[in-house]
Amino acid sequence: MRTSADLTGVSHLTGQRYLTERELFASARALSESRPDLCTLRRVGSSRAGRPISLLTVGHAPQGVLVVAGAHANEPVGGPTTLSLAERVVQDVRLRTATSWHFLLCADPDGAHLHRSVAPTSLYDYHRQFFRPAGPEQPEWAPSVLPPEKLPPETLALLRVIDEVRPYLQVSLHGTDMGGSWVQLTRDIPGLAEPFAKSAAQLHIPVETNTSDAAGWPVAGPGVHVMPEPGRDTSFPSLPDDVTRSTWHHAHRYGGLTAIVEVPMWASDLVDDPARHPAALAAMGRISRRLGEQALQVHEFLSRARLGADDDDDTGDLAVPESVAPLLRASRWALGLAPGLARDWTVPPPPDASMTYVSSIDAFGRRIPLRAAAMLLRVLRETDHPSAPHLDALVAHWSEAFAGHFRARWVPVEHQVEHQARTVIAAARHARRTAL
């Protein structure tokens, strides 16, 4: 295995630290200024709060790859991965001989500003500064739940970039708090599964062979999932979003496709076990009940707090500062998913449900109430609410139980970045062969 010192393009990273939005932009600007013959850095849009949305381009070839980072605020690995990739493309002429590379540095700068956990020391520490927007406020997912006239400016900026670049491959860089690595494809990329698996093995990152994010999807190799055709029934029908209406499918109008590359912050070998689960139905029942019970606990804190989110919300007595109103909206959004998913998970699982399948859904079920509680906690702390210490204790308990059950081990940031970068380069190489 390569050591941290041998990993290319990430010498500016430490083992536990991500980059702030400001650091990410400064590094991209320094790279573009060092090679103005190859690189351009420009503003392609603005967030709802007026923060810049920036695109770094390396190379001049007519065919392009678009790499999107920061679509989910709580998944900060994409930023340093874009820098690592940009550095490699500058240094290696072979990567840019027939392909130009376009890096959207942060698709949701407002979200990145609110998620402040750049150096988490534990899962509890990570959740103390956690933020993930409500579905309608997520740049990639907004088109799946909103009509076109109500799309947020971050989504419109991303769509404009796709229309301009017309990429043969779009790659969206994502991360998970706990679990393994996997890839989702809007269309198959033959040959990708082998380099993906090899990279994960070399870096000691488990492959999540049956992730809940792609339950029931066709499989092109271990951990490589291909999205089903539009109109096919989903495994979790209660979820409101439609993946085929996300920005991932926008590249299809130009003959391209999208790959979503997930990598864990904390790894768990429980999600890399393809053996059949001996009692999947009973296990799913326990997961469903726990989700309902924990969501109810968070609901009780929310009800007692009597918070009003904005001018359109008359459910609360206590006004919430605008600085944390997105946290309250997101907490409520997450809680709204719980009842439907709890019902979905009472349906008998596939007869060959694996240990990975159940473990992945177990992690999904733990995340929803924990994230809702963590974001609500930030609101309660900001408003000096007396129930904040009690909710803080609950967030700590759930975080520790989550980490303990999954035997969490930290994946160094440079390993997360290296695995994503290798997978992106392999996807670009194999997708270009398919496109030719």
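Buried means under 20% relative accessible area, exposed means over 50%, and partly exposed lies in between (1.4 Å probe, protein chains only). This is a predicted model, in which local features need pLDDT of at least 70 and side-chain atom pairs count only at pLDDT 80 or more, while totals for chains, interfaces and linings use all residues. Residues are numbered from 1 along each chain as its sequence is written, and side-chain values use heavy atoms, with hydrogens and water left out.

**Close-up 1. R306, a positive phi in a loop.** R306 counts as partly exposed because its relative accessibility is 38%. It sits in the loop between α9 (280-305) and β10 (307-308). Helices (H or I, at least four residues) and strands (E, at least two) are DSSP runs, numbered from the N terminus. R306 is not a glycine, yet its phi is positive, at about 50°.

**Close-up 2. H204, in the loop between α8 and β7.** The flanking elements are α8 (193-202) and β7 (219-221). H204 has a phi near 60°, a positive value in a residue other than glycine. At 47% relative accessibility, H204 is partly exposed.

**Close-up 3. H249, a buried loop residue.** The loop that holds H249 runs between β8 (224-226) and β9 (257-267). Its relative accessibility is 17%, so H249 counts as buried. Contact means heavy atoms within 4.5 Å. Leaving aside neighbours within four places in sequence, H249 is in contact with T186, M227, V243 and T244.

**Close-up 4. Helix α11 against helix α12.** Helix α11 covers residues 355-382, and helix α12 covers residues 388-405. They pack at an angle of about 155°, with axes 9 Å apart. Axes are lines fitted to C-alpha atoms, for helices over the stretch in contact, and angles run from 0 to 180 degrees between N-to-C directions. Angles under 35 degrees count as roughly parallel, over 145 as roughly antiparallel, 65 to 115 as roughly perpendicular and the rest as oblique. The pair α11 and α12 is therefore roughly antiparallel. The crossing of α11 and α12 is left-handed: the near helix is turned anticlockwise from the far one by less than a right angle. On the α11 side, the contact residues include D362, R366, L370, L377 and R381. On the α12 side, they include L391, D392, W398, F402 and H405. The residues of this contact divide into 14 nonpolar, two polar and five charged. Here Ala, Val, Leu, Ile, Met, Phe, Trp, Tyr, Cys and Pro count as nonpolar, Asp, Glu, Lys and Arg as charged, and the others, Gly among them, as polar.

**Close-up 5. Helix α10 against helix α11.** The axes of α10 and α11 come within 8 Å and cross at roughly 155°. These two helices are therefore roughly antiparallel. Their crossing is left-handed. From α10, the contact takes in L327, L328, A330, S331, A334, L335, A338 and L341. From α11, it takes in F364, I368, A372, M375, L376, R378 and V379. The split is 13 nonpolar, one polar and one charged.

**Close-up 6. P350, between α10 and α11.** P350 lies in the loop that joins α10 (325-344) to α11. At 38% relative accessibility, P350 is partly exposed. P350 and A280 are 70 residues apart in sequence, and their C-alpha atoms are 8.7 Å apart in space.

**Close-up 7. Helix α1 beside helix α2.** Helix α1 (residues 21-34) and helix α2 (residues 78-91) have axes that come within 10 Å and cross at roughly 10°. The two helices are therefore roughly parallel. L24, S27, A28 and L31 of α1 meet residues of α2 including P80, L83, A86 and V90. The contact divides into seven nonpolar, three polar and one charged.

**Close-up 8. The largest nonpolar core.** A nonpolar core is a set of buried Ala, Val, Leu, Ile, Met, Phe, Trp, Tyr and Cys residues joined through side-chain atoms within 4.5 Å. The largest has 111 residues. Those with the most contacts inside it are L56, W101, F103, L169, L307, W345 and L376. Helix α11 gives the largest share, 15 residues. Not counting residues up to four places away in sequence, W101 touches L56, T57, V58, V65, V67, V89, L95, V424 and A428. A second, separate core of 14 residues includes I53, A71, I162 and A251.
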